[in-house]
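Trainee: I have a model open and would like to go through it with you. Could we take it step by step?

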Amino acid sequence: MIIQTKEIKSFFFSQYFSDGLRMSLGILLPSLVLLQFNKFDLGIAMSLGAVCICVIDSPGPVLHKRNAMAVGNLCLFVVAITTGFARLNVFTLGLEVTIFSFLFSMFIVYGNRAASVGTASLLIMIFMIDKEMKPDVILGYSATILAGGIWYMVFSLVFFGIRPYRAAQQALGENIADIVKFLRIKANFYLPETDIDENYHKLVSQQIQVSQHQDAVRELLFKSRVMVRESTNASRILVLTFVDLVDMFEQIMATHYDYAYIRNKFKDTGILPEIAHIVHQMANELEKIGYAVLSNTRYKHLVDFNPKLEQLKLKIDTVSNGHETSNLVLKKILINLRDLNKEIENIFNYYNSSSSKILIENNNDVEYSKFVTHQDYEPHVFFDNFSLDSAAFKHALRVSLVCLIGFIAAKIFSLGHHSYWVLLTIIVILKPGFSLSKQRNYQRLIGTIAGGVIGILILLFIPNSDIQFVFLIVFMIGTYSFLRLNYIVSVIFMTPYVLILFKFLGIGHLDIVQERMVDTIIGSTIAFAASYLIFPTWEFEQVKTNLSEVIYTNVNYLVKIAKSITGTTVTTTEYKLARKEVYVKSANLSAAFERMTSEPKSKQRNIKEIHKFVVLNHILSSYIATVASEITIKGLHKITPDTLKLVKRSIAVLNESNKKLGGERIEFTGEKAEPAEELIPTATDNLLKDQLGFINKISVDIAKVTDDIVK
């Protein structure tokens, strides 16, 4: 119950709820204000513009929001005028639907925010299809919609101007929560009752979440001049916290071992469950810090883990089977736990430091701009994708043809006064990949049916208009709050919100519920059939690219380690960039694999081999992180001919695998190396050699799986 209460509180402090609240206010205010001046129709038109522009108002730097919403308003105005005149003739309207559906769907080549501009433009086209207007009022009505869009843009920018750091703070708190979940999954590997394969699946899925949230935070922090260049305490705390969070995530990734082996070896000592217990306790502490960051409060009572770690050390010292290195793995786990504890203490101290000057001066030379991707908006990007080899082009063509089919179906079968719902359903459901379309289709259908039942019950049994209006506000906030968090919940809120809204507008009553459900089912059916039949995009067609990118980034990561141990200087920025690319590409591969599992069985090519590759890649990147932590960060540069040979062999094997997948090689000669042949290796050196040997073994296993995939 305590955990559930905290989760509920966390939601109300999250960016999801604040986004929902902001969007709802921005949409409602024009109608409510103008209602007081008997200009409700004018207010509804402005709210319609706000509804479309709020689609663009996704998390990210304020400058990007402003530019995207400005372009969105321009598109909104042009599309509104065009649709107003095109609808005077059914053929010109059909032509407009076809062309605009293709054009604005192609915006996806410029990234997600540009794609949202395209979606906003298509929304206003769809909303105006059934709008009865005389030619002389089209321009004025379109201008009113534009005014609503501009109002929302100004309202949103003012909203962020009042609390410029809040969005980044919320994203950071949510990222901490993701890492907490990842840490708990890692802890379960030490418990004998945990199924290792199943736990790997959970771990890989959670890694996707962590990576996506980290990218979102990078966008907010490193693309914002306010965050990076200002020397205020608040901005420095956010940047330093995120940098330490990324390092912490690597530390957690680095705590990777052969769990089956250590379970078997230490099963009778009782020490592994104790390690799991300490890791879970650390996760609890990190969760409390994350909640404090999210809620903008202070967590003042951090648990001191040092006594527990000392007790663990004493128990580890007693574990011995007559071999010098029998408990060395446990000692490495202890070191990792101490490092993790330090990272937690660092983040805690940022929010409880008595000296803000120290925080402001605690600046490093990392070039933050290198850690974010920069979108190219040149026209050639658009035209370079005019080919059936482009997934974006096939998606746009599919959307265009399906919208035309939906438009014709709506006109032929006279589905009611709101037949634009068919097109709306198609636009919302159709995604570039089959699996995403399938998932969205299912969510839309279930959400509409469940929401329709809720709407009917409210309209039938709660006739009081004031109470209905309260429900309208609640459902509206819920719709926009869950839009990115849980789409099916968002649709469950959306349907009764729309039904109650239409009741207040005096448009239909219970019969509109049937109309919405029928139109949704028709739109869903058309969209689902189209995603399977019209220029379908399957994951197996592009998964080799994902595999190649993952191998390439791992080789690059290994090369950085090899350069370091051979005496070549590797800067912190170079190392962290290599690390970031590994995690991003690994998350992309894992996400592609998950999408593949929801596709038809006939399209799941080499599914078992790819699953094996995903797991092996996770183990490989974790072991590389372990070695990198010891060599690159802690400055252990001692090298022997055997260790260098193992690194070079792993690089060669992975390069050969990447070549088979059509990828590029990264060469490393190591000519500058001066091996220390005279030095007697210590137990730590032997463990390092074992780890590099294991990396080589995993590289060979990946090569074998790659051979099976490319057959």
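What follows is a short set of questions and answers on this model.

Trainee: Glad to start with the basics: how many helices and how many strands does the chain have?
Mentor: Keep in mind that this is a predicted model. Of the 711 residues in the chain, 54% count as buried. The secondary structure comes to 28 helices and zero strands.

Trainee: Which residues have a pLDDT below 50?
Mentor: Good thing to check early. The average pLDDT of the chain is 84, and 89% of the residues score at least 70. One stretch has 17 contacts in the model beyond near neighbours in sequence, yet its pLDDT is below 50: residues 355–365.

Trainee: Among contacts between residues at least 6 apart in sequence, what percentage join residues at least 24 apart?
Mentor: One example helps here: Ile702 and Ile551 are 151 residues apart along the chain, and their C-alpha atoms are separated by 9.2 Å. These two residues are also in contact. For the chain, the share of such contacts that join residues at least 24 apart is 81%.

Trainee: Staying with Ile702, is that residue buried or exposed?
Mentor: Ile702 lies in helix α28, residues 683–710. Leaving aside neighbours within four places in sequence, its contacts include Phe613, Leu616 and Leu654. The cut-off for buried is under 20% relative accessible area. Ile702 has 2% relative accessibility, so the residue counts as buried.

Trainee: Which helix gives the most residues to the largest nonpolar core?
Mentor: In general, nonpolar side chains of soluble globular proteins tend to be buried together. The largest nonpolar core here has 119 residues, and those touching the most other members are Tyr190, Met248, Ile275, Leu330, Ile333 and Phe613. With 14 residues, the helix that gives the most to this core is α26, residues 607–633.

Trainee: And how many residues are in the other core that lies apart from it?
Mentor: Among its members are Phe100, Met153, Phe475 and Leu499. That core comes to 70 residues.

Trainee: Which residues does Met248 touch, not counting those up to four places away in sequence?
Mentor: Met248 is one of the residues that touch the most other members of the largest nonpolar core. Not counting residues up to four places away in sequence, Met248 touches Ile179, Leu286, Leu340, Glu343, Ile344 and Ile347.

Trainee: Here is one in a loop: is Ser14 buried or exposed?
Mentor: Ser14 is found between α1 (2–13) and α2 (15–35). Its contacts, leaving aside neighbours within four places in sequence, are Gln170, Glu174 and Leu294. With a relative accessible area of 4%, Ser14 is buried.

Trainee: How far apart in sequence are the parts that Arg484 and Asp19 tie together?
Mentor: Side chains of opposite charge can pair when their charged atoms come close. Arg484 forms a salt bridge with Asp19, with the closest N and O atoms 2.6 Å apart. Arg484 lies in the loop between α21 (465–481) and α22 (487–505) and Asp19 in helix α2, so the parts this pair ties together are apart in sequence by 465 residues.

Trainee: Which residues are linked with that pair in a network of salt bridges?
Mentor: Asp19 counts as buried at 6% relative accessibility, whereas Arg484 is partly exposed at 39%. Both belong to the network, where they are linked with Arg22, Asp57 and Lys65.

Trainee: What is the distance between the closest N and O atoms of Lys288 and Glu285?
Mentor: Both residues lie in helix α13 (residues 271–295), three residues apart, about one turn of the helix. Lys288 is partly exposed, with a relative accessible area of 31%, while Glu285 counts as buried at 3%. In their salt bridge, the closest N and O atoms are apart by 3.6 Å.

Trainee: Last one, on the surface: which residues form a nonpolar patch with about 490 Å² of accessible area together?
Mentor: The chain exposes about 31,600 Å², with carbon and sulfur atoms supplying 60% of it. One member of the patch, Ile449, lies in helix α20 (residues 434–461) and is partly exposed, with a relative accessible area of 43%. The patch is formed by Ile449, Val453, Leu457, Leu460 and Phe461.

Note on methods
Residues numbered from 1 in each chain as written. Predicted model: local features only at pLDDT ≥ 70, side-chain atom pairs only at ≥ 80, totals over all residues. Heavy atoms only, no water. Helix = DSSP H or I, 4+ residues; strand = E, 2+ residues; numbered from the N terminus. Buried < 20%, exposed > 50% of the residue type's maximum accessible area, 1.4 Å probe, protein only. Contact = heavy atoms within 4.5 Å. Core = buried A, V, L, I, M, F, W, Y, C linked by side-chain atoms within 4.5 Å. pLDDT = per-residue confidence, 0-100. Areas by Shrake-Rupley, 256 points an atom, 1.4 Å probe, with all protein chains shown as cover. Patch = residues over 30% accessible without salt bridge, like charges linked within 9 Å, V, L, I, M, F, W, Y side chains within 5 Å. Salt bridge = Lys/Arg side-chain N within 4 Å of Asp/Glu carboxyl O.
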